Amino acid sequence: MSGLGITRRRMRNTRLTGTGFSSPEEAVGWHLAMQAQDYGPAKWSIGQRSKGLMDADLDEALAAGSIVRTHVLRPTWHFVARDDLRWLLALSGPRVQQGNAGRYRELGLDARTRARAEKVIVSALEGGNRLTRREIAAVLDDSGIDRSGQRMPYFLSHCELEAVIGSGGLAGKQQTYALLDERVPAGGRFDRDDALVELVRRYLTSHGPATVKDMSWWSGLTMADLRRGLELLGEEVRSEEADGMVLWSIASDDSPPSAARGVQLLQTYDELVVGYTESRFMGDSGAEKARAAWSDRTYPSGVLLLNGRIGGHWRRTIERTEVPIEVHLYQKPKLADTKALGAAAARLGRFLGMSVTLDVRRF
């Protein structure tokens, strides 16, 4: 399997090509978790994989609690569907908490201090209250709890990883927190092997083909855990070799991928980018330029795919009446490329409900 063939399969499996999703819950559930570090662009990752969704639809789903934005997997924010959150936190939360242990010590956040802050936060949120980070900070101040510096974000992260709080939707432009018990049903009996199997199955369904190291990066779990999941899946998965790496897929994912035509504007933390580590851009001739652009902050960090290959970088700026889009291409575009770029920009504009302008430059 060539590098381009693998990219095409990944694009199909993550639904950048083929049939789009009909709801935010369907898109997020398919991927199991989608990185949501930067909230606005993260919504676009869902929108560009869906049919007819608008930016505001994602805000509504978050407010309703059908998807939750919280710390899970690696120590960063992800979107997770409500029905998956409990078992996924039970699987990955202890691992992330273990990784945070050193930082807790540096900040003087021992178990007693974290428990005290947790109790105060829970009390403030009870009864359906939804509070912004600033409002929670005021509650901690009133209780005499030092939340200076990085102590505040680690208090909140602790509560998220312990399945105490999660996203509560927007208050104006500010994110709020709410009690998870008031928004997400209690989970059933947790079985670790079952959870490992489900995580590996869902990751390979939406991200495959991928290596075990890719899966470990994405999930934050050990490679031993993930090999256990592959072993339990048995004939449901298969492996193949490419560029000296062993890539795993769902066994039924064996149909030839269609050609990836046109332009996809991927935000910096899109799953097609951050869902992998060692095989992120395998076989792509644009990989070297992509890495160079990431190390040079003067260039946009969004990845532009052109016919399934890395064709350049892009960024958007949300202004009051329009959305300027700045594009840096590796090569002079052909007429068909220019039309495809215009179509991709127009789709982003429809998602945002705003007009767009294009500024195309050479890298």
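In this predicted model, tryptophan 30 counts as partly exposed, with a relative accessibility of 26%. The residue is found in helix H2. Leaving aside neighbours within four places in sequence, tryptophan 30 is in contact with Asn13, Arg15 and Phe21, and also with Arg202, Thr205 and Ser206. Alanine 115 lies 85 residues from tryptophan 30 along the chain, and the C-alpha atoms of the two are separated by 34 Å.

The loop between helix H2 (24–31) and strand S1 (34–35) holds leucine 32. Most residues other than glycine have a negative phi, and most peptide bonds are trans. Leucine 32 is not a glycine, yet its phi is positive, at about 75 degrees. Its side of the story is completed by accessibility: leucine 32 is buried, with a relative accessible area of 0%. Leucine 73 also has a positive phi, near 60 degrees, in a residue other than glycine. Its place is in the loop between S2 and strand S3 (76–81). With a relative accessible area of 1%, leucine 73 is buried, because residues under 20% are counted that way. The peptide bond that joins glycine 208 and proline 209 is cis, with omega at about 0 degrees. Proline 209 sits in the loop between H9 and H10.

Those two helices lead on to the nonpolar interior. The largest nonpolar core has 45 residues, and those touching the most other members are Leu88, Leu199, Val200, Leu204 and Met215. At least two residues of this core come from each of several elements, among them strand S2 (67–72), helix H5 (82–107), helix H9 (192–207), helix H10 (212–219) and strand S10 (302–306). Helix H9 gives the most, supplying 7 residues. Beyond four places in sequence, methionine 215 touches Val200, Tyr203 and Leu204, together with Gly220, Leu226 and Leu230. Separate from this core is a second one of 31 residues, which includes Met34, Phe79, Ile325 and Ala340.

Helix packing comes next, with helix H3 as the shared partner. Two packed helices are described by the angle between their axes and the distance between the axes. For helix H3 (residues 39–47) and helix H14 (residues 335–352), the angle is about 110 degrees and the axes are 11 Å apart. Angles of 65 to 115 degrees count as roughly perpendicular, so H3 and H14 are roughly perpendicular to each other. Their crossing is right-handed. On the H3 side, the contact is made by Lys43, Trp44 and Gly47, while H14 brings Arg347, Leu348 and Phe351. By class, the residues of this contact of H3 with H14 divide into 3 nonpolar, 1 polar and 2 charged.

Helix H3 also packs with helix H4 (residues 55–64), at an angle of about 105 degrees and with the axes 9 Å apart. H3 and H4 are therefore roughly perpendicular to each other. Here Tyr39, Lys43 and Ile46 of H3 meet Asp55, Leu58, Asp59 and Leu62 of H4. The contact of H3 with H4 has 4 nonpolar and 3 charged residues, with no polar ones. Lys43 thus takes part in the contact of H3 with H14 and also in that of H3 with H4.

Key. Residues are numbered from 1 along each chain as its sequence is written. This is a predicted model: local features need pLDDT of at least 70, side-chain atom pairs count only at pLDDT 80 or more; totals for chains, interfaces and linings use all residues. Side-chain values use heavy atoms; hydrogens and water are left out. Axes are lines fitted to C-alpha atoms, for helices over the stretch in contact, and angles run from 0 to 180 degrees between N-to-C directions. Helices (H or I, at least four residues) and strands (E, at least two) are DSSP runs, numbered from the N terminus. Angles under 35 degrees count as roughly parallel, over 145 as roughly antiparallel, 65 to 115 as roughly perpendicular and the rest as oblique. A crossing is left-handed if the near helix is turned anticlockwise from the far one by less than a right angle, and right-handed if clockwise. Contact means heavy atoms within 4.5 Å. Ala, Val, Leu, Ile, Met, Phe, Trp, Tyr, Cys and Pro count as nonpolar, Asp, Glu, Lys and Arg as charged, and the others, Gly among them, as polar. A nonpolar core is a set of buried Ala, Val, Leu, Ile, Met, Phe, Trp, Tyr and Cys residues joined through side-chain atoms within 4.5 Å. Buried means under 20% relative accessible area, exposed over 50%, partly exposed in between (1.4 Å probe, protein chains only).
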